[in-house]
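The following exercises ask the reader to work through a protein model, from one loop residue to the whole fold. Each task is followed by a solution in steps.

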Amino acid sequence: MIKNTENQLFPVFLQLNRLRTLLVGGSTVALEKLSALLVNSPHSNVTVVAKRIIPNVREFVKSYPSVQLHERAFEDADLAHVDLVLVASNNARLNRQIREESRKRNLLINVADKPELCDFYLGSVVKKGNLKIGISTNGKSPTIAKRIKELLNEALPDEIDETLNYMSQLRDLLKGDFTDKVKALNAHTAVLLTKEGNI
Ligand SMILES: C[C@@]1(CC(=O)O)c2cc3[nH]c(cc4nc(cc5[nH]c(cc(n2)[C@H]1CCC(=O)O)[C@@](C)(CC(=O)O)[C@@H]5CCC(=O)O)C(CC(=O)O)=C4CCC(=O)O)c(CCC(=O)O)c3CC(=O)O
Ligand SMILES: NC(=O)C1=CN([C@@H]2O[C@H](COP(=O)(O)OP(=O)(O)OC[C@H]3O[C@@H](n4cnc5c(N)ncnc54)[C@H](O)[C@@H]3O)[C@@H](O)[C@H]2O)C=CC1
């Protein structure tokens, strides 16, 4: 039985360096979205289109050569040759229009703070080396998502990345069929779930 109250979103981790992302809007909220994209995927191919681009955005993208800025109004043609769309404009009609045009082209879209116009949501992200954890509260409370991120950031030791690298080497060394490998990897990590393991 599927309960309506449960979180039914499906999480994925995108290779934004291989995709082309359009961001419409160039102000405070656009900067938040841009920073969420680039802090996680520094080689994201992002095209920003906005009537006005604030200096903070210009400053921020200086460290990211894969970002292009276009200070002008949005045109439908901006949707050609992109894979993903994010909108952070202050114009409700424009948001709706971009949503419709994006769906016609089968593009996935996120409109900042307008869940009803979104095909996907951004999450809070915990990162320790190779480990990345995405957090969603099903849109109920982004603030709680942020707090859980802070909690996990403190709880997970930096050494977790060494463990991941060690396990990766072990994985390459292990011989035998798939089932044997899984057994061995599970045996090596069983201790992590005990208090003494203390990941
Ligand atoms: C549905 C979703 C769609 C989407 O935008 O993708 C959405 C929607 C809305 N956000 C609103 C407000 C705020 N958003 C934040 C922050 C974040 N919001 C993010 C995601 C999401 N926000 C998606 C759901 C994620 C989930 O399921 O948990 C995070 C996780 C990721 C990111 O944006 O990068 C990022 C934390 C990053 C970090 O970890 O630091 C803060 C807090 C702050 O900024 O400190 C506030 C103010 C306080 C508050 O309201 O809680 C409003 C009301 C606007 C209004 O009142 O006008 C709506 C609209 C509505 O709910 O209807
Ligand atoms: N600022 C905030 O903290 C919050 C913002 N929001 C939502 O996010 C939206 C954006 O927020 P801000 O960045 O603060 O807005 P803003 O008003 O500072 O910036 C809007 C951006 O949209 C661009 N824009 C407007 N019409 C355009 C067009 N036709 N083509 C291309 N670009 C166009 C503007 O040039 C500007 O860069 C708000 O309207 C609101 O719905 C929601 C909650 C909080």
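**Exercise 1. Locate Ser-136 and decide whether this residue is buried, partly exposed or exposed.**

Solution. The model is a predicted one.

Step 1. Ser-136 lies in the loop that links strand 7 to helix 4 (142-155).

Step 2. The count of C-beta neighbours inside 10 Å of Ser-136 is 15. A residue is buried at 20 or more such neighbours and exposed at 12 or fewer. Ser-136 is therefore partly exposed, because its count of 15 falls in between.

Step 3. Leaving aside residues up to four places away in sequence, Ser-136 touches Asn-7, Leu-9, Pro-11, Tyr-121, Gly-123 and Ala-145.

Step 4. Lys-146 is 10 residues from Ser-136 along the chain, and the C-alpha atoms of the two are separated by 9.6 Å.

**Exercise 2. Describe how strand 6 and strand 7 are joined.**

Solution.

Step 1. Strand 6 (residues 124-128) and strand 7 (residues 131-135) run antiparallel and are joined by 5 bridges.

Step 2. Within this pair, Val-125 stands opposite Gly-134 in strand 7.

Step 3. The two strands form a hairpin with 2 residues between them. In the turn, Gly-129 has a positive phi of about 60 degrees.

Step 4. An unreviewed UniProt entry places the feature "domain: Siroheme synthase central" at residues 129-153. That span is 48% helix and 20% strand, and its end C-alpha atoms lie 12 Å apart.

**Exercise 3. Establish the strand order of the open sheet and name its edge strands.**

Solution.

Step 1. The open sheet has 5 strands in the order 3-2-1-4-5, with parallel pairing.

Step 2. Strand 3 and strand 5 (108-111) are the edge strands, since each pairs on one side only.

Step 3. On average, neighbouring strands of this sheet are turned by 15 degrees against each other, direction ignored.

Step 4. Helix 1 packs on the sheet and touches strand 1, strand 2 and strand 4 (84-87). The direction of helix 1 makes about 175 degrees with that of strand 2.

**Exercise 4. Follow the chain from strand 1 to strand 3 and state the handedness of each crossover.**

Solution.

Step 1. Strand 1 (residues 20-24) pairs with strand 2 (residues 45-50) in the parallel sense over 5 bridges. The chain passes between these strands through helix 1 (residues 28-40), in a β-α-β crossover that is right-handed.

Step 2. Strand 2 and strand 3 (residues 67-71) also run parallel, joined by 5 bridges. Here the chain crosses through helix 2 (residues 55-61), and this β-α-β crossover is right-handed.

Step 3. Opposite residues fix the register of strand 2 against strand 3: Val-49 faces His-70, and Ala-50 stands opposite Glu-71.

**Exercise 5. Summarise the protein as a whole: how many helices and strands are there, and how is the chain divided into domains?**

Solution.

Step 1. The protein contains 6 helices and 7 strands. Along the sequence they follow the pattern β-α-β-α-β-β-α-β-β-β-α-α-α.

Step 2. The division is into domain 1 (20-121), domain 2 (123-156) and domain 3 (160-193). The centres of domain 1 and domain 2, taken over C-alpha atoms, are separated by 23 Å.

Step 3. Along the principal axes, the C-alpha atoms fill a box of roughly 55 × 45 × 35 Å. Of the 199 residues, 20% count as buried.

Methods. Residues are numbered from 1 along each chain as its sequence is written. Chains are lettered from A and ligands numbered from 1 in the order in which they are written. This is a predicted model: local features need pLDDT of at least 70, side-chain atom pairs count only at pLDDT 80 or more; totals for chains, interfaces and linings use all residues. Helices (H or I, at least four residues) and strands (E, at least two) are DSSP runs, numbered from the N terminus. A crossover is right-handed if, with the strands pointing away from the viewer, the path from the first strand over the helix to the second runs clockwise. UniProt positions are given in the numbering used here, feature names are shortened, and annotations may be inferred rather than shown by experiment. Domain bounds come from an automatic or database domain assignment. Axes are lines fitted to C-alpha atoms, for helices over the stretch in contact, and angles run from 0 to 180 degrees between N-to-C directions. Two residues are in contact if their C-beta atoms, placed from the backbone, lie within 7 Å.
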